[in-house]
Amino acid sequence: MNFKRTLVKYTAALSIFFTGISTISAAATVHADEVSTPVVTTVKKTSDVTKKRNAIVKLAKKEIGKPYVWGATGPSAFDCSGLTTYVYKNAANQILPRTTYGQITLGKTIPVSTKTLKKGDLLFWGNYHVAIYIGSGKFVHAPAPGQNVKTQTLASFFPSSAKRVID
């Protein structure tokens with residue numbers, strides 16, 4: 001009987017080793033006399049931070065095509081900081097200051113690089129424009145009067161700084 005318990009623990013340890021760090025493996029509590037083979041359950045878990053980041057990206061993309069209106073905070077029109085305020089509040093339950101001037105004071109400054117940026121990071125052009133990084137070198141923003149909320153690449157309009165407010 002002791003051999004079977006050891007086998008269950010050994011199998012669970014091997015499962016953890018082979019499935020890697022990104023998954024969580026747990027051996028079910030089993031009495032050796034109840035089951036002749038080990039029972040192992042593997043569950044993938046996404047962190048709350050990752051869920052928030054993905055929700056921010058999803059909602060930001062949903063707003064693409066809506067018009068830029070100075071001072072607008074959604075849901076039918078936005079200015080740049082109105083878009084970020086709306087998306088963070090409704091996707092991640094995070095309240096941001098209303099203006100770009102206030103938003104640039106938040107979070108941790110990070111290098112503007114596709115290697116360091118994460119989905120949901122705020123991108124800034126001076127202290128007058130803000131956008132949401134959505135991954136793969138792209139961001140969503142409300143650019144200017146006469147334009148709609150849209151996606152652009154870092155290569156086409158490179159920000160001067162970035163801040164991480166979801167950690």
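The following conversation goes through a predicted model of a single chain and asks what lies behind the words used for its parts.

Biologist: What does the secondary structure of the chain come to, and in what pattern does the chain run?

Modeller: The secondary structure comes to four helices and eight strands, and read along the sequence these follow the pattern α-β-β-α-α-α-β-β-β-β-β-β. Of the 167 residues, 38% count as buried, while the chain exposes about 9700 Å², of which carbon and sulfur atoms supply 58%.

Biologist: How do you know that the span of helix 3 agrees with what is expected of a helix?

Modeller: Helix 3 has 13 residues, which at 1.5 Å a residue should span 18 Å, and its end C-alpha atoms are 18 Å apart, so the span agrees with the expectation. Helix 2 can be set against the rule in a similar way, for its 15 residues reach 21 Å from the first C-alpha to the last, close to the 21 Å expected.

Biologist: Which residues of these two helices are buried, and what covers them?

Modeller: In helix 2 the buried residues are Arg53, Ile56, Val57, Leu59 and Ala60, and their cover includes helix 3, strand 5, strand 6 and strand 8. In helix 3 the buried residues are Cys80, Ser81, Gly82, Leu83, Thr84, Thr85, Val87, Tyr88 and Ala92, with a cover that includes helix 2, helix 4, strand 4, strand 5 and strand 6.

Biologist: Why is Ser81 called buried?

Modeller: Buried means under 20% relative accessible area, and Ser81, at 5% relative accessibility, falls under that cut-off and therefore counts as buried. Ser81 is found in helix 3, and, leaving aside neighbours within four places in sequence, Ser81 is in contact with Arg98, Thr99, Thr100, Gln103 and Val130.

Biologist: What makes Ile134 a buried residue, and what is in contact with it?

Modeller: The relative accessibility of Ile134 is 8%, which is under the 20% cut-off, so Ile134 counts as buried. Ile134 has its place in strand 5, and, with neighbours within four places in sequence left aside, Ile134 is in contact with Val57, Lys61, Lys119, Phe139, Val140 and Thr151. The C-alpha atoms of Ile134 and Ile56 are separated by 8.4 Å, although these residues are 78 residues apart along the chain.

Biologist: Why is Gly71 called partly exposed, rather than buried or exposed?

Modeller: The relative accessible area of Gly71 is 38%, and because this value lies between the 20% under which a residue is buried and the 50% over which a residue is exposed, Gly71 is partly exposed. Gly71 lies in the loop between helix 2 and helix 3, and its contacts, leaving aside neighbours within four places in sequence, are with Asp79 and Arg98. Gly71 and Thr99, 28 residues apart in sequence, are 9.2 Å apart in space, C-alpha to C-alpha.

Biologist: Which peptide bond is cis, and where is Pro75 found?

Modeller: The peptide bond from Gly74 to Pro75 is cis, with omega near 5°, and Pro75 is found in the loop between helix 2 and helix 3.

Biologist: Why is Asn93 called exposed, and what is its phi?

Modeller: Exposed means over 50% relative accessible area, and Asn93 has 69%, so Asn93 is exposed. Asn93 follows helix 3 and has its place in the loop between helix 3 and helix 4; its phi is positive, about 55°, although Asn93 is not a glycine.

Biologist: What makes Ser136 an exposed residue, and where is it found?

Modeller: With a relative accessible area of 73%, Ser136 is over the 50% cut-off and is therefore exposed. Ser136 is found in the loop between strand 5 and strand 6, and phi of Ser136 is near 55°, a positive value in a residue other than glycine.

Biologist: How much space lies in the largest pocket, and which residues are closest to its centre?

Modeller: About 260 Å³ of space lies in the largest pocket, and of the 14 residues that line this pocket the closest to its centre are Tyr68, Trp70, Cys80, Thr100 and Tyr128. By class, the lining has seven nonpolar, five polar and two charged residues, and helix 3 and helix 4 each supply at least two residues of the lining.

Definitions and conventions: Residues are numbered from 1 along each chain as its sequence is written. This is a predicted model: local features need pLDDT of at least 70, side-chain atom pairs count only at pLDDT 80 or more; totals for chains, interfaces and linings use all residues. Side-chain values use heavy atoms; hydrogens and water are left out. Buried means under 20% relative accessible area, exposed over 50%, partly exposed in between (1.4 Å probe, protein chains only). Contact means heavy atoms within 4.5 Å. The expected span of a helix is 1.5 Å times one less than its number of residues. Accessible areas come from the Shrake-Rupley method with a 1.4 Å probe; for residues, only the protein chains shown count as cover. On a 1 Å grid over the protein atoms alone, a cavity is a set of points where a 1.4 Å probe fits but cannot get out, and a pocket is an open set with protein on both sides within 12 Å along at least five of seven lines; lining residues have an atom within 4 Å of a point. Grid points are joined across faces, edges and corners, and a volume is the space filled by probe spheres set on the points. Ala, Val, Leu, Ile, Met, Phe, Trp, Tyr, Cys and Pro count as nonpolar, Asp, Glu, Lys and Arg as charged, and the others, Gly among them, as polar.
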